[in-house]
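Let us read a model together, one feature at a time. Each answer starts with the general idea and then turns to the case shown here.

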Amino acid sequence: MIDRLRLKRHGILLAFVLPALLFYATFLLAPAFGGIWYSLTDWNGLNPRYAFVGLDNYAEALTEDPSFGHAVFFTLKYVLFMVVLQNALAILVAVLIESRAKTKAFFRTIFFMPNMLSMIIGGFMWMFVFTRVLPDLAVRTGLSFLDRSWIGDPSFSFYAILIVSLWGGVGYLMVIYIAALQGVSSSLKEAAAIDGAGVWQTFRYITLPMIYPALTIGIFLTLNSSFKVFDAVFALTGGGPGRETQVIALNIFEEAFGFSNRYGYASAKAMILFLIVLVITIVQLRLMKRREVEA
Amino acid sequence: MSAHRYERREAGRGASRGIGTPRAGKSRGSSSLPGLLALLTLIVGAAFTLLPVYMGVLNSVKTEGEMLNGILSWPRHFAWGNYADAYRKIDFLRSLGNTAAVTAVGLAGIVLFAAMGGYKLSRTPGKLSSFLFGLFVLSMLIPFHSIMITLVRIAKNLTVQGSTVGLGLIYIGLGVSMAIFLYHGFVKSIPRDLDEAAVIDGCGEFRLFFSVILPLLLPVTATVAILNALWMWNDFLLPLLMLTDSSSYTLLLSTNMLFGQYGNNDWSAILASLVLALLPVVVLYLLLQKYILNGIADGAIKG
């Protein structure tokens, strides 16, 4: 009797979960496990036959592929800048917006707007700004530092990519930080003000510890998204000139669907990307959760 | 619900400012130095945020010649022809329809299947249930780039590659796990007595779900729908891999094609098509922004 009841319960559970599970298994789980398998082969997409090569692909990616090494380094640099700048700017904007009374909704609408747009569209619009508007502005105003090869020179296009990414990403985190700031009790801040704390001290010792959980989320989201950055770089520089501004995702994309079609090798690179993201986000969550409890 | 709370809180703040304790006046009003500085910073930031869009819209109604004369200046005569040109080049209506079809198929599947799964997983105790839930949650850290190569092969084998409906089906598979996670959390707030009462009244499992539970899930459905619609509408890489024929191109793919064809030169047509491509999203944003902002905050904090 009990067994039949349990069986029925399992049956109903499966009936409800099956449609989702079916799509999920086909289009996410299967490719994920397939990717692990193919990363151990020399499959090239064209030839139906392929051989098991063990960890050769991983070894090649990590030791014999300067373009991949460069992409990893470029991505790490980008992630570092993004984690610091995106969160700092988002908190700044959130605090400033929360301090306004009448114009609050207006500024929030504007700062969030880029988030609604695809970074492909945003990237193309910025490309117009970098290649046409800024040189024009430099000539007219004499501000010669604006007239750079923002797209063509990799030392400047790193910052161009950064600017576009921040433009598109700050608004999203701002919404999260605004929600967190609204949870900070104003009586606490008023008490601090009565005790003679300045604006900075109130922020540092009252507001910041109170929004620490949001900071954990904000940094987690930034890490997670910036390791996978693709659209902004694709739209702005396409990884060029050469492979100078190639990020990991673009390097994988080009390896698989560009000229070489080395699917097995590209899969190994994709697994390396996955492992990097996994390890770094787990470490980040562990570290920050621990501090959250203390704070 | 939460939109209401938001408004009330803001109204409350406005009122307390109206009463105007000296302290509040000092830190909030724009007459003081910090207040002025804050306002100025926000204005600079807002100008920076609007810059590329403003430049794009402004120059989309100029001819190439007038652009050379002055990129920043107001157009002397509006070259609306750019828009007719762009409309034709990106096949606007068809691209828009394709994008809408992909998003609609994906959204319908994600909302329906994730609501069913999330509800039942949340209600059923036991090992099987927590194993399945864990299986869904597990994948949320896998980068898309780690699955895309094999996904292309699978899509080819299942012959869902190349069609907008097929692309929508793939999005269901990629989107359900996050949606199940959100539904799973929300269902906990719905009292179980409701299920039991309905069952006692002789309501079957599926009828219970569709006529009692699903309507109650509306707040989280709104969040799920907004997050996923935005993602699918603005996604570029998956359509790039899946849609091979230009007749099934989405707005982003059609716009991207313009760059391939014209090598960055024909900015007046490109800018006009960029404006056309972002128009639907901006209009929707201005209409629904309260729900969108709340959905984003909810989704991020619970996800």
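**Reading two chains and their contact**

Q: How many residues does each chain bring to the contact?
A: Contact means heavy atoms within 4.5 Å. Here chain B gives 100 residues and chain A gives 90 residues. This is a predicted model: local features need pLDDT of at least 70, side-chain atom pairs count only at pLDDT 80 or more, and totals for chains, interfaces and linings use all residues. Residues are numbered from 1 along each chain as its sequence is written, chains are lettered from A and ligands numbered from 1 in the order in which they are written, and side-chain values use heavy atoms, with hydrogens and water left out.

Q: What area is buried between chain B and chain A?
A: Buried area is the accessible area (1.4 Å probe) that two parts lose on being put together, summed over both. For chain B and chain A that is about 9,000 Å², and carbon and sulfur atoms give 78% of it. B:Leu42, B:Leu141 and B:Ile149 supply 8% of the area that chain B buries against chain A, more than any other three residues.

Q: How many salt bridges does the rule find across the interface of chain B and chain A?
A: A salt bridge is a side-chain nitrogen of Lys or Arg within 4 Å of a carboxyl oxygen of Asp or Glu. Across this interface the rule finds zero.

Q: Is A:Val139 buried or exposed?
A: Buried means under 20% relative accessible area, exposed over 50%, and partly exposed in between (1.4 Å probe, protein chains only). A:Val139 has a relative accessible area of 70%, so A:Val139 is exposed.
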